[in-house]
Amino acid sequence: MISRLAKRLRLWLARHRLAFPGSPAVGRIWLGSRLQFDELATVDATNEPRLAPYQRLAPFYDDYAGHWCLRYDNYLLYLASARNVPQARVLDLSCGTGGLVGRLAQRCERVVGLDTNPYMLALARSAAGAYENTSIVAGDIRQFALGERFDAIVCASDSLNYVASDDELARVMQGIAHHLESGGLFVCDVLGRAFSSVVNGHYLHYESPAVRFALAFEFDPETGRDSTRVLFPDGVEHHERMAINDHQLTEAARSANLQLIASFGSMGRRYFAFTRT
Ligand SMILES: C[S@@+](CC[C@H](N)C(=O)[O-])C[C@H]1O[C@@H](n2cnc3c(N)ncnc32)[C@H](O)[C@@H]1O
């Protein structure tokens, strides 16, 4: 049953000219029920020293995330052409290291990337610096006011999961609707409770010639909150997030007058496209 669904998803993606991964990945990644990197055992046990989110992860993020990143530049252009709407100005919310900003800059008139994290912003500024038609802005997706509207907005790679509540999610959606042209597109992906439940108590190991680190997952089904610790030999990053199911996302979008036009994905990661009515 699951392999039939996976096959149908692959066919759908191929038909719509989408592809995984978004960038070539050089490292290996695997999930285990116990920590397999001995050099991380002390940090795992003591939870010390504490690092800020993305303080160590940022430079390795693209390679690590390239394992599952969707080609949103292709997807947005496909959607825009299918719906006959422009794709000149695009906003990348929670733009991370700016990889997507760079790819979009080659195909759009203007691209703005927004993120709150100083380590990610530094990399995004350096990546986007190669393109004159981009701006990288420090800001919070829960309250942003850029003073301009966009043809499309993207919030990629489960960035929305960083909200702390349904209210915050609704606020993000309102900000998005406020910055979208009428008929404009919003695309995103989220991780739901199915993903959080499967990885709960497990370690995701990442190994490349440059680095070894591991993510330790903890999920509280009562609160729907995820605590992920990213373990490096010299410290641990804490990432606090919320699992978001289809219903939560579409309700928040509906409250901001964003209409669902497509959804797809696995039981874990779910992709959505909305338009502003
Ligand atoms: C998993 S990364 C995804 C980065 C990028 N979208 C990508 O696809 O590679 C999550 C990003 O969300 C950002 N983020 C988390 N909370 C945020 C907030 N409240 N406002 C803006 N960005 C936020 C983080 O700094 C990080 O860059």
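In this predicted model, the crossing of helices H7 and H9 is right-handed. Helix H7 covers residues 166-179 and helix H9 covers residues 246-255, and where these two helices pack, their axes are 8 Å apart and meet at an angle of about 50°. Because angles of 65 to 115 degrees count as roughly perpendicular and those under 35 degrees as roughly parallel, the arrangement falls into neither of these classes, and H7 is therefore described as oblique to H9.

Another part of the model to look at is the loop between helix H2, which spans residues 41-46, and strand E2, which spans residues 50-51, for this is where Pro49 lies. The peptide bond that joins Glu48 to Pro49 is cis, with an omega of about -15°. Asn47 is found in the loop between H2 and E2 as well, and its phi, near 60°, is positive although the residue is not a glycine. Both features stand out because most peptide bonds are trans and most residues other than glycine have a negative phi.

The ligand, finally, is surrounded by 17 residues, of which Ser94, Asp115, Asp140, Ile141 and Ser157 come nearest. The residues of this shell divide into seven nonpolar, seven polar and three charged, so that residues of each kind are represented around the ligand under the grouping used here. Several contacts involve nitrogen atoms of the ligand: a polar side-chain atom of Asp140 lies 2.9 Å from a ligand nitrogen, and a backbone N or O atom of Ile141 likewise lies 2.9 Å from a nitrogen atom of the ligand. In the case of Ala156, a polar backbone atom is 3.1 Å from a ligand nitrogen. Taken alone, the ligand exposes 590 Å², and the protein buries 91% of that area.

Notes:
Residues numbered from 1 in each chain as written. Predicted model: local features only at pLDDT ≥ 70, side-chain atom pairs only at ≥ 80, totals over all residues. Heavy atoms only, no water. Near = heavy atom within 4 Å. Polar contact = N/O pair within 3.5 Å; in protein donor to acceptor, adjacent residues only side chain to side chain. Areas by Shrake-Rupley, 256 points an atom, 1.4 Å probe, with all protein chains shown as cover. Axes fitted to C-alpha atoms, helices over the stretch in contact; angles between N-to-C directions. Helix = DSSP H or I, 4+ residues; strand = E, 2+ residues; numbered from the N terminus. Parallel < 35°, antiparallel > 145°, perpendicular 65-115°, else oblique. Left-handed = near helix turned anticlockwise from the far one by under 90°.
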